[in-house]
Amino acid sequence: MSLQPYVNKKVLVITADGRTLIGNLLSCDQLTNLVLGQTIERIIRPPEDPEPSAEVSHGLYLIRGENVTICGLVDEELDGQIEWTEVRGSVVGGIRHM
């Protein structure tokens with residue numbers, strides 16, 4: 001499936017090392033290399049961690065295709081209703097090549 005219909009839309013990307021990135025998809029190619037604009041990284045902490053979850057701004061961000069695990073559209077209305085600094089959850093693990 002091509003990601004071209006997602007260009008100029010807000011997407012969420014989970015990388016091979018488990019990071020969650022949200023930004024506007026500016027460009028992509030046949031190798032799934034992605035260029036995101038206005039990118040933020042969501043760091044969701046587990047319930048037992050005393051530190052709050054966080055959103056870190058990265059701005060323009062390039063993700064190599066080999067590091068993309070999932071890329072999907074964001075429901076901006078639903079996303080705007082969630083207080084992400086209060087969200088807790090299990091850490092998404094990285095991938096393993098076998």
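**Strands, core and cysteines**

Student: Over how many bridges do strand β1 (residues 10–15) and strand β2 (residues 20–28) pair?

Tutor: Strands are DSSP runs of E, at least two residues long, numbered from the N terminus. Two of them pair if DSSP finds at least two bridges between them. β1 and β2 pair in the antiparallel sense, and the count is five bridges.

Student: What kind of model is this?

Tutor: Residues are numbered from 1 along each chain as its sequence is written, and side-chain values use heavy atoms, with hydrogens and water left out. Local features need pLDDT of at least 70, side-chain atom pairs count only at pLDDT 80 or more, and totals for chains, interfaces and linings use all residues: this is a predicted model.

Student: Which residue in the turn between β1 and β2 has a positive phi?

Tutor: β1 and β2 form a hairpin. Four residues lie between the two strands. The positive phi, about 90°, belongs to glycine 18.

Student: Which residues of β2 stand opposite lysine 10 and valine 11?

Tutor: Both belong to the β1–β2 pairing, which is antiparallel. Lysine 10 stands opposite asparagine 24. The bridge partner of valine 11 is glycine 23.

Student: Why is one side of each edge strand left without a neighbour in the sheet?

Tutor: The five strands form an open, antiparallel sheet in the order β4-β3-β2-β1-β5. β4 (54–63) and β5 (68–73) stand at its edges, so one side of each is free of a neighbour in the sheet: each has a single partner strand.

Student: Which residue in β5 stands opposite leucine 12?

Tutor: β1 and β5 run antiparallel, joined by five bridges. Opposite leucine 12 stands glycine 72.

Student: Which strand gives the most residues to the largest nonpolar core?

Tutor: Such a core is a set of buried Ala, Val, Leu, Ile, Met, Phe, Trp, Tyr and Cys residues joined through side-chain atoms within 4.5 Å. This one has 13 residues, and Val13, Leu34, Leu36, Ile63 and Cys71 touch the most other members. β1, β2, β3 (34–43), β4 and β5 each give two or more. With three residues, the top contributor is β2.

Student: How many disulfides does a search of the whole structure find?

Tutor: A disulfide needs two cysteine sulfur atoms within 2.5 Å. Cysteine 71 has its closest cysteine sulfur in cysteine 28, 8.0 Å away, which is too far for a bond. The search finds zero.

Student: Is cysteine 28 buried or exposed?

Tutor: Buried means under 20% relative accessible area, exposed over 50%, partly exposed in between (1.4 Å probe, protein chains only). Cysteine 28 has 13% relative accessibility, so the residue counts as buried.
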